[in-house]
Amino acid sequence: MHPCLEEAIIVALVALVLFGSLFFAFFGGFFAGNLCTFDLPVFFKQYPCRRSLVSPVSNDDFCPGGPIYSNPKDSSLFLSLGNHVDVYFPSRKRSRISAPFVFSEERLQKKKKASIDVLPDECLFEIFRRLPAEERSASACVSKRWLMLLSNIRQEELCSEKTSASLKSEDDIAEEKGEDQEIETQGYLSRSLEGKKATDVRLAAIAVGAASRGGLGKLSIRGSNSGRGVTNLGLKAIAHGCPSLRVLSLWNMTSVGDEVLCEIADGCHLLEKLDLCQCPAISDKALFAIAKNCPNLTELTIESCSNIGNAGLQAVGRSCPNLKSVSIKNCSLVGDQGIAGLVSSTSFVLSKVKLQALNITDVSLAVIGHYGKSITDLALTSLPAVSERGFWVMGNGPGLQKLKSLTITSCQGVTDVGLEAVGKGSPNLRQFCLRKSSFVSDNGLVAFARAAGSLESLQLEECHRITQFGFFGALANCGTKLKALSLVCCLGIKDLNVGLPQLSPCESLKSLCIRNCPGFGNASLNVLGKLCPQLQHVDFSGLEGVTDSGLLSFLESCEAGLAKVNLSGCVNLTDKVVSAMAESHGWTLEMLNLEGCVKISDVGLVAIADDCPLLSELDVSRCAITDFGLAALARANHLNLQILSLSGCSLITDKSMAALGKTGQTLVGLNLQHCKAISNSTVDRLLGELWRCDILS
């Protein structure tokens, strides 16, 4: 029965009893010869004259004649003839009520405070579970006690709302259906709590409030309040009230243990993604519960959980047939048994594997090479116990046929032999990244490039045994599909003027990045331009050895037209390069970064303003730019700049206010940091004029 209907029936019954008693008291005494016996104290206590129980009225509405006695406590007004006295009334008047003469002053002064708070938790629980979702959310705002009670109601304990739905009008039902459809189209709610905001009370509020808004689909908790942090109580509320939860991320939760994760596994069977980071109290027991109750689990990430070991991973592999992604980092108890059991059990579905800082050996890589038949993305980082043999066995296994992306970082076991084997065993490899490798040389890189015929992206970082011979050899042997090449912090590159064998150009390469390689100079840049004539994106940041002559030769070899150019940190470049670039590639240039090119001045800026109509992003931070250069930009009506960075340009003054105001009509970002000659008042005026632009100052 609807709560409002129940309340109306109760009020009606009380009113009926009241008027029945009055009728009997008055008319019964009249018909009995005007003689009536009645308990007056009980009557006054239950039915006070000054107030109606049916509806609020004035003091005189119920007893128009006013109070019977001026002081009802005066003992002289009562008879002392026994417990009850008979009072006679003339027949023409309404009979007066007689009552016991003993009145307790304490009973009259005692006030009963009517409050629902006197009800025990069991009664409130029964009331709350019968309320609709919207009313439960509203009730949670009353007090912390109600909030915690509501948050502990499980979904299966809620009563059906068919009765309440039957009492609603057709218009109300149609309106609610429209709201439900709107919620469904919006999908499940996503909530994230970080630091001080992560408390049990907030989690309880989320659990109760999300029930009326489509349900909670994603919850992320990173850290917790030091004084009132997240405990098992708060997460239990999520487990009880959010059965629709699909994504759960817990970071740095030292007080959360197996108990609450078991509760979540028991209440959230739709869980698909689980991310645990720095949760030392969670062990294999929790993973057992997840594996048993969450068969839809597709992604598992575990980082720095010291009590999770092989048994938990094996259980997940056996019981989660839909597991597609696994990332395990810095878990000291995880070894070959856990990785081997997990990979072998999910051989036909597991597509992404990331292993970092684990105590695994060549056995795990051998299992991946044999059973990883569905793996498309593989990342191996900081595996000190893995040797050359592990990479060789993995490459020669049948399991890497679908591998498309491979990243190897800080693995001392990878050598020329192992790298060549991986290249041969991965016919569909598209992206390869090798970082911090001390034993891969030019021969291994060239052999890998020749074996991996489908390679589209090659990235080498801190591989100090790679020289210009290996770099150009890989570039020439990567086949016709290579589109992007990156060389970062490789100290083995030396700009030697030695004769290289005749190499065929790489027509497919569109993006080239060579950053912070101090040995890369003009000679290497000249060869590079001839090998890569179709480049569109280049990044030569930090190449201090490159001068105008080398870059001018490179620009002449680029046939396709450069769109994005990053020359930040190339301190030896001058306006001559900028002018040549604007003249030959200005019709395609969209992004230009000249940060730290201290020899570039207003001359280069004038060339950019005249010949680069498509330029949308320009960075001339720490260049020798003055007010004259900005005025030239402002005069270029065809220019459509969106991002302009002038950070550290100390020669720009308040005189550029008008130029910045005109140029800024199309800007969405303007960087004026460390421009000491621009006053705060000028910046304030720009903030007022360029209200669409984000200005850093």
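This briefing walks through a nonpolar core, a helix pair and an enclosed helix. The model is predicted, so local features need pLDDT of at least 70 and side-chain atom pairs count only at pLDDT 80 or more, while totals for chains, interfaces and linings use all residues. Residues are numbered from 1 along each chain as its sequence is written, and side-chain values use heavy atoms, leaving out hydrogens and water.

**The core**
- The largest nonpolar core (buried Ala, Val, Leu, Ile, Met, Phe, Trp, Tyr and Cys residues joined through side-chain atoms within 4.5 Å) has 169 residues, and Leu528 and Phe540 have the most contacts inside it.
- Helix 13 (residues 284-293) gives this core its largest share, five residues.
- Leu528 touches Phe471, Phe472, Leu475, Leu512, Ile514, Phe520 and Phe540, leaving aside residues up to four places away in sequence; contact means heavy atoms within 4.5 Å.

**Helices 22 and 23**
- The axes (lines fitted to C-alpha atoms over the stretch in contact, with angles from 0 to 180 degrees between N-to-C directions) of helix 22 (residues 548-557) and helix 23 (residues 575-585) come within 10 Å and cross at roughly 5°.
- Helix 22 and helix 23 are therefore roughly parallel, a term for angles under 35 degrees.
- Asp548, Leu551, Leu552 and Leu555 of helix 22 meet Lys576, Val577, Ala580, Met581 and His585 of helix 23.

**Helix 12**
- Seven of the ten residues of helix 12 (residues 258-267) are buried (under 20% relative accessible area, 1.4 Å probe, protein chains only), so this helix is largely enclosed by the rest of the structure.
- Those buried are Asp258, Val260, Leu261, Glu263, Ile264, Ala265 and Gly267.
- Their cover includes helix 11 (232-241), strand 5 (247-251), strand 6 (273-277) and helix 13; helices (H or I, at least four residues) and strands (E, at least two) are DSSP runs, numbered from the N terminus.

Terms used: Buried means under 20% relative accessible area, exposed over 50%, partly exposed in between (1.4 Å probe, protein chains only). Angles under 35 degrees count as roughly parallel, over 145 as roughly antiparallel, 65 to 115 as roughly perpendicular and the rest as oblique.
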